[in-house]
Amino acid sequence: MRETDRRIRVRRVGLIPDDARVRHFDELDEDAQAAVSELAGRPRTGRETGDLDDGDVVKFTDYYQIRTR
Amino acid sequence: MSDSYVIVGDGIAGASAAETLREEAPDAEITVLTDEGESLYNRILIKEYAKGKLPEAPISIHQESWYDDHDVDLRLNTVVVDIDVENDAVHTHEGETFEYDSLLLAVGGTPQQLPVENADADGIHHFWTFQDARNIKESVEDAERAVIVGAGLLGIDFAAICGAQDVEAKYLMRGDAWWRYALSTEGAEIMHDAMRERGVEPVFDSGVDHFEVDSEGHVEAAVDPNGERYECDFAGVAIGLNFNTELVEPTPIETENGIVVDEYMRTNVDNVFAAGDITTFNDLVLGEQGKNGSWGSAKEQGTVAARNMIEYGSDAFEWVSSYSITHFDFPFLSFGHPTIGDESVEAMTDEGEWRRVALKDGKVVGGVLIGDLSPQSAFKQLMREGRDVSGQTDLLMEPGFAVDDLAATTEQ
């Protein structure tokens, strides 16, 4: 797992751009699944995980975009 | 001379094998043969396309240029009709022959058709390929009423598609609950309520005796064994897969509900391997033969198979799978083998949060989480460690359960 000080947010998105990298929740590793299920739709940040990149869209209970900072 | 690898199938198992072979055997000759007309796509997102939620483009994973860039010879629309294990060659429907040093069979399965009258009528759909998803989307968009058959993980995709496309649907189930082998009535009822909210009505102790068709051969109703008639202009059937073993039946390759492989994904023929849905594998976690159709499992099996094609015995498949349903506003996740075991524990841990853990000989073998997925990693860890939790199963139902909770208890 990539260890960084960067944080991620998991924000709901409406329209999915044609060029977005869209992944289903089942494609993520356990750490990334834990992060998405913990942060999805909540105004919180979590530690970045190696399996999620800035801009990725994840299909979970809705479509969520990963933002890192 | 470089080694030559032939892969039959370009799903995630075959494709991950091709990727691994290229990475770890840079000089190898790699050929991928697929009967589909398009290269690797995301099979677990095609339901989103059918729901009308996702365009086509993000579903593609490997453009055809990927194969050129990685020096992989991809042959689309190519049906392998014969495997000659004595001469290390496969033959295609067009008379081509591909010789190999090692062969990987990642040939998957084909949806089963209901063994009832008019089961192949126009408007009755099965769901496996991207082309199936396109046909379903087109058909369901014109539909007003639907019937769904198959009370399992694949059937619920049809329910979600109908719900998303505002099609009123009857979901005909043989028993008294959706996925009754893995859920109790209490857990299943959460799923039933979610279906109802989307206009999909579960019908229990039902099923299909036969379909009725109109003068043009299009489905117009399903009649259940009780004689109840359900009008429909779309039917979705997801009752399981037939594994594509016909190809190996004339060969010495062992089959048993799929192609039998060891933990290195090797068949009983030394230079023939298999990966993905098709395998009946030596499950090191379960301690017996297992099967798994999840995306993660197939991808890992492809990777493991490739490594062992290069050097047999170099990497064993040891994996706890999971499968989620993301159609509703709460998450659902099954892990391991929730339909087996000799006992189980379950609890409603909070409003809308339910879990069930299946055990065998005191060890966790699988389970289902609804609403709260946070214990997933802990339960998978227990499975990987083969931990005996006899006498402590109540702890598994505690909100916030962690493996250390068990350790502390054991040490007392």
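**Strands, helices and the contact of two chains**

Visitor: Which residue does D84(B) stand opposite in β5(B)?

Guide: D84(B) stands opposite A89(B) in this predicted model.

Visitor: What makes β4(B) and β5(B) a pair?

Guide: The cut-off is at least two bridges. β4(B) and β5(B) have 4, in the antiparallel sense. The condition is met, so they count as paired.

Visitor: What lies between β4(B) and β5(B) in their hairpin?

Guide: There are 4 residues between the two strands. One residue in the turn, D88(B), has a positive phi of about 50°.

Visitor: How do you know that β5(B) also pairs with β6(B)?

Guide: Count the bridges again. β5(B), residues 89-92, shares 3 with β6(B), in the antiparallel sense. At least two are needed, so this is a pair too. At V90(B), the bridge partner in β6(B) is F98(B).

Visitor: What order do the 3 strands take in the open sheet?

Guide: The order is β4-β5-β6 in chain B, with antiparallel pairing. β4 (80-84) and β6 (97-99) are its edge strands, each pairing on one side only. From one strand to the next, the twist averages 20°.

Visitor: Which 5 strands form the parallel open sheet of chain B?

Guide: They run in the order β3-β2-β1-β7-β19.

Visitor: Why do β3 and β19 of chain B stand at the edges?

Guide: β3 (72-75) and β19 (272-274) have a single partner strand each, so one side of each is left without a neighbour in the sheet. Here, too, the twist averages 20° from one strand to the next.

Visitor: What makes β2(B) and β3(B) parallel partners?

Guide: 4 bridges join β2(B), residues 29-33, to β3(B), and the two run parallel. At least two bridges are required, so the pair qualifies. Within it, T31(B) stands opposite D73(B).

Visitor: Which strands does α1(B) lie across?

Guide: α1(B) lies across β1 (4-8), β2, β3 and β7 (102-105) of chain B. Its angle to β2(B) is about 170°.

Visitor: How do α1(B) and α7(B) pack?

Guide: Two numbers describe a packed pair: the angle between the axes and the distance between them. For α1 (12-24) and α7 (295-310) of chain B, the angle is about 40° and the axes are 7 Å apart. The crossing is right-handed. Residues in the contact include A13(B) and L21(B) of α1(B), and W295(B) and M309(B) of α7(B). By class, the contact has 11 nonpolar, 6 polar and 3 charged residues.

Visitor: Why is chain B called as compact as a globular protein of its length?

Guide: Its radius of gyration is 23 Å, close to the 22 Å that the globule rule gives for 412 residues, so the description holds. The C-alpha trace spans about 75 × 65 × 35 Å along its principal axes. Chain B has 9 helices and 26 strands.

Visitor: How many residues of chain A are in contact with chain B?

Guide: 14 residues of chain A are in contact with 21 of chain B. α1(A) gives the most to chain A's side, with 3 residues. That side has 6 nonpolar, 3 polar and 5 charged residues.

Visitor: What confidence does the predictor give the complex?

Guide: The ipTM is 0.93 and the pTM 0.94. Mean pLDDT is 90 for chain A, where 94% of residues reach 70 or more. For chain B the mean is 96, and 98% of its residues reach 70 or more. Among the elements of chain A, β3 (46-47) has the lowest mean, 91, and β4 (57-59) the highest, 97.

Notes
Residues numbered from 1 in each chain as written. Chains lettered and ligands numbered in written order. Predicted model: local features only at pLDDT ≥ 70, side-chain atom pairs only at ≥ 80, totals over all residues. Axes fitted to C-alpha atoms, helices over the stretch in contact; angles between N-to-C directions. pLDDT = per-residue confidence, 0-100. Contact = placed C-beta atoms within 7 Å. Nonpolar A, V, L, I, M, F, W, Y, C, P; charged D, E, K, R; others polar. Left-handed = near helix turned anticlockwise from the far one by under 90°. Rg over C-alpha atoms; globule rule 2.2 N^0.38 Å.
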